[in-house]
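Biologist: I should like to request a close look at a single part of this structure, namely a sheet and the side chains that link its strands. Please explain it in terms that a first-year student can follow.

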Amino acid sequence: MIRGFITNLAKYLDCELVGQWIDFPIDEDELAEVLEEIGINEEHEEFFFTNWETDYPEITKSLGQFESIEDVNDWAEGIDFYDASFIAAIIEATGCDLQEALDNADNVTFYEGYTLEEVAENIVEDCYDLPEIAERYFDYEAFARDLGYDGYTETEYGTVYI
């Protein structure tokens, strides 16, 4: 889900691009192997990330050059646990960073793939016993708009309720 291009900073400062792609989460043995291959050791221990890849632009934007590998591993595991589209929807709806999205995910309801109007229709159907004739005249669009004022936000991935 998260891929980062880790770069040897000392080599980079010597005008050499020495690095390798890492798929997160990564275990300690694989990481040690990658770091050895790009020359990260006791003498040259500084690195940075020159590029990130994910399937979700909101997540990619949350990742910086000097992230700790431990943090990125934790984030990748959290994304796997919750589902990437859910985390991306939280970031899109709130503008928070990746860590905040993961920290608050338990307090968010996600209607994956649903528009706000579809959520409104589901809420009316599940919570109210409207007679069939009233359902025909119910203004779901207006109800959806009102839900938007009450913490519901439609995103590219679905609707979140925060």
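Modeller: What follows describes the sheet, then its salt bridges, and then some other parts of the chain.

The model is predicted, and every value below is computed from it. The part in question is an open sheet of 3 strands, arranged in the order β2-β1-β3 with antiparallel pairing. Strands of a sheet pair through backbone hydrogen bonds, and the pairing may be either parallel or antiparallel. Where are the edges of the open sheet of 3 strands in the order β2-β1-β3? They are formed by β2, residues 19-24, and β3, residues 47-53. Each of these two strands has a single partner strand, so one side of each is left without a neighbour in the sheet. From one strand to the next, the twist averages 30°.

The pairing of β1 with β2 can be followed in detail. Strand β1 covers residues 2-8, and 6 bridges join it to β2, with the two strands running antiparallel. Within this pairing, F5 has W21 in β2 as its bridge partner. A helix also belongs to this picture: α2, which spans residues 28-37, lies across β1 and β2. The direction of helix α2 is at about 165° to that of β2.

Side chains provide further links between the strands. How many salt bridges does the count come to? The count comes to 2 salt bridges. In one of them, the side chains of D23 and R3 meet, with 2.7 Å from N to O. Since D23 lies in strand β2 and R3 in strand β1, this pair ties together parts that are 20 residues apart in sequence. R3 also forms a salt bridge with E53, and here the closest N and O atoms are 3.3 Å apart. E53 lies in strand β3 and R3 in strand β1, so this second pair ties together parts that are 50 residues apart in sequence. Through shared partners, the salt bridges join R3, D23 and E53 into one network.

Are R3 and E53 buried or partly exposed? R3 has a relative accessibility of 29% and therefore counts as partly exposed. E53 is likewise partly exposed, because its relative accessible area is 35%.

Elsewhere on the surface, Y12, L13 and L17 make a nonpolar patch of about 350 Å². L13 is found in helix α1, which comprises residues 9-13. With a relative accessible area of 63%, L13 is exposed.

Another set of strands may be set beside the sheet described above. Strand β4, residues 109-112, is joined to strand β6, residues 158-161, by 4 bridges, and the two run antiparallel. In this pairing, E112 stands opposite G158 in β6. Strand β5, residues 152-155, also pairs with β6 in the antiparallel sense, over 4 bridges. There, T153 has V160 in β6 as its bridge partner. β5 and β6 form a hairpin, with 2 residues between them.

A last point concerns D103, which lies in helix α6, residues 98-104. D103 counts as exposed, at 52% relative accessibility. D103 and G78 are 25 residues apart in sequence, and their C-alpha atoms are 9.3 Å apart in space.

Definitions and conventions. Residues numbered from 1 in each chain as written. Predicted model: local features only at pLDDT ≥ 70, side-chain atom pairs only at ≥ 80, totals over all residues. Heavy atoms only, no water. Pairing = 2+ DSSP bridges. Axes fitted to C-alpha atoms, helices over the stretch in contact; angles between N-to-C directions. Contact = heavy atoms within 4.5 Å. Patch = residues over 30% accessible without salt bridge, like charges linked within 9 Å, V, L, I, M, F, W, Y side chains within 5 Å. Areas by Shrake-Rupley, 256 points an atom, 1.4 Å probe, with all protein chains shown as cover. Salt bridge = Lys/Arg side-chain N within 4 Å of Asp/Glu carboxyl O. Buried < 20%, exposed > 50% of the residue type's maximum accessible area, 1.4 Å probe, protein only.
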